[in-house]
There are 2 protein chains.
Amino acid sequence: MDVARLSKQDWLTAALGALAQGGVSAVAVVPLAQQLGVTRGSFYWHFTDRTALLRDALQWWEQQGTIAVIDQVASIADPRDKLRELFRIAITEDPVSGLEPALVAHADDPVVAPILRRVTERRVAFLTEAYAELGLPATRARRQALVAYSAYVGWIQLRRATPDALPEIVGDPEALAYLVDNLIGPTG
Amino acid sequence: MDVARLSKQDWLTAALGALAQGGVSAVAVVPLAQQLGVTRGSFYWHFTDRTALLRDALQWWEQQGTIAVIDQVASIADPRDKLRELFRIAITEDPVSGLEPALVAHADDPVVAPILRRVTERRVAFLTEAYAELGLPATRARRQALVAYSAYVGWIQLRRATPDALPEIVGDPEALAYLVDNLIGPTG
DNA sequence: CCACGTCCATACAGTACTGTACGGTTGACC
DNA sequence: GGTCAACCGTACAGTACTGTATGGACGTGG
């Protein structure tokens with residue numbers, strides 16, 4: 001019959017969902033097993049530890065979230081169009097709602113810290129490169145990249161803190177363009 | 001002798017610190033009591049519940065964090081100077097490091113949700129008013145307020161995610177002015 | 001058809017936290 | 001100096017989670 005055996009990936013995605021909602025401490029074996037319809041016996045076959053689950057889940061997210069999106073826009077030749085499309089994707093989409101806020105909140109966690117750091121650095125570096133292609137000198141390019149990235153981060157935070165105050169922006173194409181232009185910043 | 005009896009406020013500040021570091025689940029009675037050098041008997045005299053501690057702590061923070069800062073800049077007449085000073089304070093100071101990211105991460109929590117919502121709305125309303133004083137029409141003022149506030153939120157998040165990438169901005173007065181101007185946005 | 005690898009359930013300690021009940025200590029005030 | 005309230009320690013259940021050990025079900029290849 002369909003006894004519905006689980007793969008390692010099932011645990012990873014479930015862990016990311018729990019992490020997004022309740023933070024690191026919500027990545028617990030018992031609730032996840034209950035949610036997946038199995039017992040802890042399943043978990044301790046796939047993973048050695050609770051920490052191993054958290055680490056593997058974050059590493060998987062690191063690959064999917066960072067590399068996939070960057071690959072999606074890296075082919076765009078014009079740097080201004082590239083930034084525009086990048087921010088549009090980043091603002092409107094949100095694969096695992098609330099994950100990034102949860103990660104930032106647990107920035108001190110020994111498992112979270114290195115991965116969050118790598119992802120942030122990689123994103124800022126990509127932005128810096130794009131702004132450099134736009135003609136900014138190196139120092140100003142990195143400065144603008146930090147400003148733009150922090151604006152992006154704040155946006156996804158705000159979307160979670162007050163979800164119903166923002167559709168008035170995302171829903172209106174003109175307002176969305178206004179936001180994207182503001183994210184890109186003064187590059188003239 | 002100096003048996004160092006605790007006040008209710010001691011528990012509140014300790015709770016905010018724990019909340020900032022480990023999230024809602026870190027606001028636990030046993031660890032806090034241990035950190036304060038007492039047993040749980042003290043806690044259950046001052047508070048009825050673990051939830052009551054969390055609620056009271058957040059309400060205290062709501063008053064201190066929101067009202068105090070707004071009062072500090074509300075007297076400045078020129079709206080542009082007012083915004084400048086507001087963002088300067090918001091960017092450079094951080095009374096309880098990491099609290100706001102932790103709150104956003106637990107935006108679904110029944111205790112956190114209403115308070116976070118009130119604080120966000122109040123801040124955005126204050127910004128909207130300032131931009132209106134600057135001459136923006138109502139719709140654009142609120143839109144710009146949301147953009148500016150999300151940029152601010154992202155800044156304090158980024159400061160926590162990668163603390164050593166940002167002093168290069170805060171330390172340099174010129175770069176700080178650049179950031180503040182970018183937060184204020186195009187208001188010409 | 002049976003032997004083996006995969007996947008999961010169950011049972012057993014062990015730990016950490018929550019609430020409650022109650023008893024003890026301290027200091028102010030009459 | 002006795003009384004009362006504020007404050008805290010201790011002991012008792014109760015719950016939730018972690019890890020480990022072990023055995024069973026299930027399918028696949030020899």
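A polar contact here is a pair of N or O atoms within 3.5 Å; within protein, one must be able to donate a hydrogen and the other to accept it, and residues adjacent in sequence count only if both atoms are side-chain atoms. One such pair joins a polar side-chain atom of A:Arg40 to a base oxygen of DNA strand D, at 2.3 Å. This is a predicted model, in which local features need pLDDT of at least 70, side-chain atom pairs count only at pLDDT 80 or more, and totals for chains, interfaces and linings use all residues. Residues are numbered from 1 along each chain as its sequence is written, chains are lettered from A and ligands numbered from 1 in the order in which they are written, and side-chain values use heavy atoms, with hydrogens and water left out.

**Fold of chain A**

- Chain A has ten helices and zero strands. Helices (H or I, at least four residues) and strands (E, at least two) are DSSP runs, numbered from the N terminus.
- The C-alpha atoms of chain A fill a box of roughly 60 × 35 × 35 Å along the principal axes.
- Over all chains, the count is 20 salt bridges. A salt bridge is a side-chain nitrogen of Lys or Arg within 4 Å of a carboxyl oxygen of Asp or Glu.
- One of them pairs A:Lys8 with A:Asp56, at 3.7 Å from N to O. A:Lys8 lies in helix α1 (residues 8–22) of chain A and A:Asp56 in helix α4 (residues 50–74) of chain A, so the pair ties together parts 48 residues apart in sequence.

**DNA strand C**

- DNA strand C is surrounded by 17 residues; the closest are A:Leu6, A:Thr39, A:Trp45, B:Val29 and B:Arg40. A residue is near a molecule or strand if one of its heavy atoms lies within 4 Å of it.
- Sugar or phosphate supplies 61% of the atoms of DNA strand C within 4 Å of the protein, and bases supply the rest.
- A backbone N or O atom of A:Thr39 sits 2.5 Å from a phosphate oxygen of DNA strand C.
- A polar side-chain atom of A:Arg5 is 2.9 Å from a sugar or linking oxygen of DNA strand C.
- The side chain of B:Arg40 places an N or O atom 2.3 Å from a base oxygen of DNA strand C.
- Two or more residues each come from α3 (40–46) of chain A and from α2 (29–36) and α3 (40–46) of chain B. The largest share of this surface, five residues, comes from α3(A).
- By class, the surface near DNA strand C has eight nonpolar, four polar and five charged residues. Ala, Val, Leu, Ile, Met, Phe, Trp, Tyr, Cys and Pro count as nonpolar, Asp, Glu, Lys and Arg as charged, and the others, Gly among them, as polar.

**DNA strand D**

- DNA strand D also has 17 residues around it; the closest are A:Val29, A:Arg40, B:Leu6, B:Thr39 and B:Trp45. Sugar and phosphate make up 60% of the atoms of DNA strand D that come within 4 Å of the protein.
- Two phosphate oxygen contacts follow. A backbone N or O atom of A:Arg50 lies 3.3 Å from a phosphate oxygen of DNA strand D. An N or O atom in the side chain of B:His46 lies 3.1 Å from a phosphate oxygen of DNA strand D.
- α3(B) gives the most to the surface near DNA strand D, with five residues.

**Interface of chains A and B**

- In contact (heavy atoms within 4.5 Å) are 44 residues of chain B and 45 residues of chain A.
- The two chains bury about 3,800 Å² between them, 58% of it on carbon and sulfur atoms. Buried area is the accessible area (1.4 Å probe) that two parts lose on being put together, summed over both.
- In chain B, B:Arg143, B:Leu146 and B:Tyr178 lose the most area to chain A, together 17% of what that side buries.
- Two salt bridges link chain B and chain A. One of them joins A:Arg160 to B:Asp108, with the closest N and O atoms 3.1 Å apart.
- Six residue pairs are in polar contact across the interface, both residues at pLDDT 80 or more.
- On the side of chain B that touches chain A, α8(B) gives the largest share, 16 residues. That side divides into 22 nonpolar, eleven polar and eleven charged residues.

**Symmetry**

- A turn of 180 degrees and a shift of 0.0 Å along the axis lay chain B on chain A with an RMSD of 0.0 Å. That is the relation of a two-fold axis. Copies are superposed by least squares on the C-alpha atoms of residues with pLDDT of at least 70 in both.
- 100% of the interface residues of chain B are also interface residues in chain A, so the copies meet through the same surface.
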